[in-house]
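Dear colleague,

I am handing over the structure we spoke about, and it is placed directly below. My notes on what was found in it follow after that.

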Amino acid sequence: MALQNITWNGQQGFQTYPATEFYTPYHPEYNDGALAGAGYLGLWGSERGLTFYQVQLAGHELPEYAPGAAYRVMELLLGRIKSFGDAGDFTTQEGNFTGTTPIYKPARAQKKLS
């Protein structure tokens, strides 16, 4: 990790490996695309005012490959959550997003209900 060669706030590199799990809440997918991923998707750490995170399979295009994780980063930057380890819902969503509600049923099943 290149950050180990950088000095900030009087010390060089991280003193502890960034190994806290990065949590992304479960959320609905409305655009008929691939699921964005949810749960524990990576690792993060913060020391002396610097936060480092890595998300599995995201590369440099975090918003494209892991939009839920990218949204979580924005929530942290805006002060809506205290850490990437917070296991709560997104701060802008309400309800049950575990895949057990009627919004997850196929369109054919929804027509039969009405």
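To begin with a contact between a charge and a ring, Arg48 lies over the face of Trp8, at 4.3 Å from the ring centre. Please keep in mind throughout that this is a predicted model.

Both of these residues turn up again around Gly13, which touches Trp8 and Arg48 as well as Leu3, Gln4, Ile6 and Glu47, when residues up to four places away in sequence are not counted. Gly13 is found in the loop between strand 2 (11-12) and strand 3 (20-24), and with a relative accessibility of 0% it counts as buried, because the cut-off for that class is under 20%. Its C-alpha atom is separated by 5.6 Å from that of Leu3, although the two residues are 10 residues apart along the chain.

Turning to the sheet, 3 strands form an open arrangement in the order 3-4-5, and the pairing is antiparallel. The edges are strand 3 and strand 5 (50-55), each of which pairs on one side only, and the twist averages 35° from one strand to the next. Helix 2 packs on this sheet, where it touches strand 3 and strand 5, and the direction of the helix makes about 105° with that of strand 3. Between strand 4 (residues 39-47) and strand 5, the antiparallel pairing runs over 6 bridges. Glu47, already named as a contact of Gly13, stands opposite Leu50 in strand 5.

The aromatic residues deserve a separate paragraph, since a search of the whole structure finds 8 aromatic pairs. One of them is formed by Tyr71 and Phe90, which meet edge-to-face with 5.1 Å centre to centre and 85° between the planes. This pair links distant parts of the chain, as Tyr71 belongs to helix 2 (residues 67-77) whereas Phe90 sits in the loop between helix 2 and helix 3 (107-113), 19 residues apart.

How do the two partners compare in exposure, and which classes do they fall into? Tyr71 has a relative accessible area of 35% and is therefore partly exposed, given that this class lies between 20% and 50%, while Phe90, at 7%, is under the 20% limit and so is buried. Elsewhere, ring pairs link Phe22, Trp44, Tyr53 and Phe84 into a cluster.

With best regards

How values were computed:
Residues numbered from 1 in each chain as written. Predicted model: local features only at pLDDT ≥ 70, side-chain atom pairs only at ≥ 80, totals over all residues. Heavy atoms only, no water. Phe/Tyr/Trp six-rings, centres within 6.5 Å; stacked < 30°, edge-to-face > 60°. Helix = DSSP H or I, 4+ residues; strand = E, 2+ residues; numbered from the N terminus. Buried < 20%, exposed > 50% of the residue type's maximum accessible area, 1.4 Å probe, protein only. Lys NZ or Arg CZ within 6 Å of the ring centre and 35° of its normal. Contact = heavy atoms within 4.5 Å. Pairing = 2+ DSSP bridges. Axes fitted to C-alpha atoms, helices over the stretch in contact; angles between N-to-C directions.
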